[in-house]
There are 2 protein chains.
Amino acid sequence: MEELTIVKVGGKIVEEEESLKQLLKDFSFIEGHKVLVHGGGRSATRIAERLGIENRMVDGRRITDRETLKIVTMVYGGLVNKNIVAGLQSLGLNAIGLTGADLNIILSDKRPVKNIDYGYVGDVKQVNAELPSELIRRGVVPVLAPLTHDGKGNILNTNADTIAGEAAKAFARYFDVRLIYCFEKKGVLSNENDDDSVIPEIDTCLFEQYVSQGIINGGMIPKLENALEAIRSGVKEIIISHASEIHTGRGTKIR
Amino acid sequence: MEELTIVKVGGKIVEEEESLKQLLKDFSFIEGHKVLVHGGGRSATRIAERLGIENRMVDGRRITDRETLKIVTMVYGGLVNKNIVAGLQSLGLNAIGLTGADLNIILSDKRPVKNIDYGYVGDVKQVNAELPSELIRRGVVPVLAPLTHDGKGNILNTNADTIAGEAAKAFARYFDVRLIYCFEKKGVLSNENDDDSVIPEIDTCLFEQYVSQGIINGGMIPKLENALEAIRSGVKEIIISHASEIHTGRGTKIR
């Protein structure tokens, strides 16, 4: 099978003009087929503030009421996504910006209300990667916004890490998939005070060991759990890396 | 050649939930291949007002400074476009939302400053319809937002009527194209006080006659000039029609 590299970048990098430029340049250096998945939370927060709409977050997840849904649809699907697409086109990559609604790529269910009502937030149900895979083989570079749809006409706000992971699993039917999660550090660190203490490789065994030792903690735990699950679902390799290293292959490898 | 119907709808219809629902239903009744081109000016104006950004219009065209460009990118490319895509998906149409930057479909030049500096406004230079045509043949329904790009990384605000006309001409290489412009009246009226005085058919000759008689005037003149030019460029038929008639074929036909 041909190789496909999926890169997930967080909000901060893609929301500032200079860092976005550098990122897109680095991304363009990745050989072969590629997909970019982006966030955009900071811009959404800023626009919401300017519109006088309260930003409510629980455990880093945005509570998405009807007004907030409009904002993330605008910001993720419009502002951030189309700036990336135009930027990649200027570098000679034939990018196409997509939400989960476009080509019915990602169907999700509105998250059921348990302790917290997250509002218009989607849990991914199904990824239809066939037609996007054909486009990729034609040289097209999909740029995925963190939005899905419920098939009943509603857009749903969906975590970008989740989209990257679910997309990687679905594309694994058509490609040898390598998924790169961009991170503010050079990888998963064994010592959080030493930026160079990058753990080179993690598997299920090492993961459990590091968690029990407290070396891996906080938000990195669900990130790695998702990564390991994706590996079990057919993704060849996952790399947690600094944005400036996406074209070098350096970082923490999960296999 | 297979037939393709391109429908251009203005802002008002697609920006209100109920009228959008009805429009998408009517659109879904159109047989065969189809493309939807939309506006979104009213939403852009409203969001700009709420953000405290001044709306400046000259002859119905928006002066697009840097801040306004962000708004139209958000509103046209995100909010309006993705709501339409999700709505069409719920009706079983495999829609894909596109700006001119996506797949490099529409390249434009920033409008040169003469008497007025329109800012980040694009004049269409080139339409690349080949890959979109393949998608259409695969059953995909493109939804085009009134945004283009300059190939240097910049999105440009572009008139939706122009996008519809230029797209129609480019798709005419691959399909027998019928272009429907939705209008608040049932067509071009011979008596503006009589909503039923729809002129059934207009050609170049009749157009000049009606203009000289003052029957056709104002904003309808450039609309029809563009339409006649599109016919000369290979578009089979252009219909100016009420939104509720897009699936019936009624209205003023330009041939």
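## A buried lysine, a mixed sheet and a chain contact

K8(B) is buried, with 27 other C-beta atoms within 10 Å of its own. The residue counts as buried because a count of 20 or more is the cut-off for that class. This statement, like the others in this report, refers to a predicted model.

K8(B) belongs to strand β1 of chain B, which covers residues 3-9. Apart from residues up to four places away in sequence, K8(B) touches V37(B), A160(B), D161(B), A164(B), I180(B), Y181(B) and C182(B). A residue that is remote along the chain is N193(B): 185 residues separate N193(B) from K8(B) in sequence, and their C-alpha atoms are 25 Å apart.

**Two helix pairs**

One of the residues touched by K8(B) is D161(B), and D161(B) also takes part in a helix contact in chain B. Helix α6 (residues 160-171) of chain B packs with helix α8 (residues 220-232) of chain B at an angle of about 10°, and their axes are 10 Å apart. The two helices are therefore roughly parallel, α6(B) to α8(B). On the side of α6(B), the contact is formed by D161(B), G165(B), A168(B) and K169(B), and on the side of α8(B) by K223(B), N226(B) and A230(B). Sorted by class, the residues of this contact are two nonpolar, two polar and three charged.

A second pair is found in chain A. Helix α3 (residues 41-50) of chain A and α4(A) have axes that come within 9 Å and cross at roughly 130°. This angle makes α3(A) oblique to α4(A), and the crossing of the two helices is right-handed. From α3(A), the residues in the contact are S43(A), A44(A), I47(A) and A48(A); from α4(A), they are T68(A), I71(A), V72(A), V75(A), Y76(A), L79(A) and V80(A). The contact of α3(A) with α4(A) has nine nonpolar and two polar residues, with no charged residues.

The table sets out the two pairs.

| Helix pair | Axes and angle |
|---|---|
| α6(B) and α8(B) | 10 Å apart, about 10° |
| α3(A) and α4(A) | within 9 Å, roughly 130° |

**The sheet of chain A**

Eight strands of chain A form an open sheet with mixed pairing, in the order β5-β8-β2-β1-β11-β13-β14-β12. At its edges stand β5 (94-98) and β12 (201-202) of chain A; each has a single partner strand, so one side of each is left without a neighbour in the sheet. Helix α4 (residues 66-90) of chain A packs on the sheet, where it touches β2, β5 and β8 (140-144) of chain A, and its direction makes about 170° with that of β5(A). Helix α5 (residues 130-137) of chain A lies across β1, β2, β5 and β8 of chain A and runs at about 135° to β8(A).

How are the strands of a sheet paired? They pair through backbone hydrogen bonds, either parallel or antiparallel. Strand β1 (residues 3-9) of chain A is joined by six bridges to strand β2 (residues 33-38) of chain A, and these two run parallel. Six bridges also join β1(A) to strand β11 (residues 176-183) of chain A, again in parallel. Individual residues show this arrangement. I6(A) stands opposite V35(A) in β2(A). L4(A) stands opposite H33(A) in β2(A), and L4(A) also stands opposite V177(A) in β11(A). Strand β1(A) is mostly covered, as six of its seven residues are buried.

**An exposed residue at the edge**

Is E201(A) buried or exposed? E201(A) counts as exposed, because 11 C-beta neighbours lie inside 10 Å and the class takes residues with 12 or fewer. E201(A) lies in strand β12 of chain A, one of the two edge strands. Neighbours within four places in sequence aside, E201(A) is in contact with K253(A) and R255(A). E201(A) and K253(A) are 52 residues apart in sequence, yet their C-alpha atoms are 4.6 Å apart in space.

**Where the chains meet**

The contact between the two chains takes 32 residues from chain A and 32 residues from chain B. On the side of chain B that touches chain A, the elements giving two or more residues are α4 (66-90), β5 (94-98) and β9 (147-149) of chain B. The largest share of this side, 14 residues, comes from α4(B). By class, the side of chain B that touches chain A has twelve nonpolar, 15 polar and five charged residues.

Definitions and conventions. Residues numbered from 1 in each chain as written. Chains lettered and ligands numbered in written order. Predicted model: local features only at pLDDT ≥ 70, side-chain atom pairs only at ≥ 80, totals over all residues. Pairing = 2+ DSSP bridges. Helix = DSSP H or I, 4+ residues; strand = E, 2+ residues; numbered from the N terminus. Contact = placed C-beta atoms within 7 Å. Axes fitted to C-alpha atoms, helices over the stretch in contact; angles between N-to-C directions. Parallel < 35°, antiparallel > 145°, perpendicular 65-115°, else oblique. Left-handed = near helix turned anticlockwise from the far one by under 90°. Nonpolar A, V, L, I, M, F, W, Y, C, P; charged D, E, K, R; others polar.
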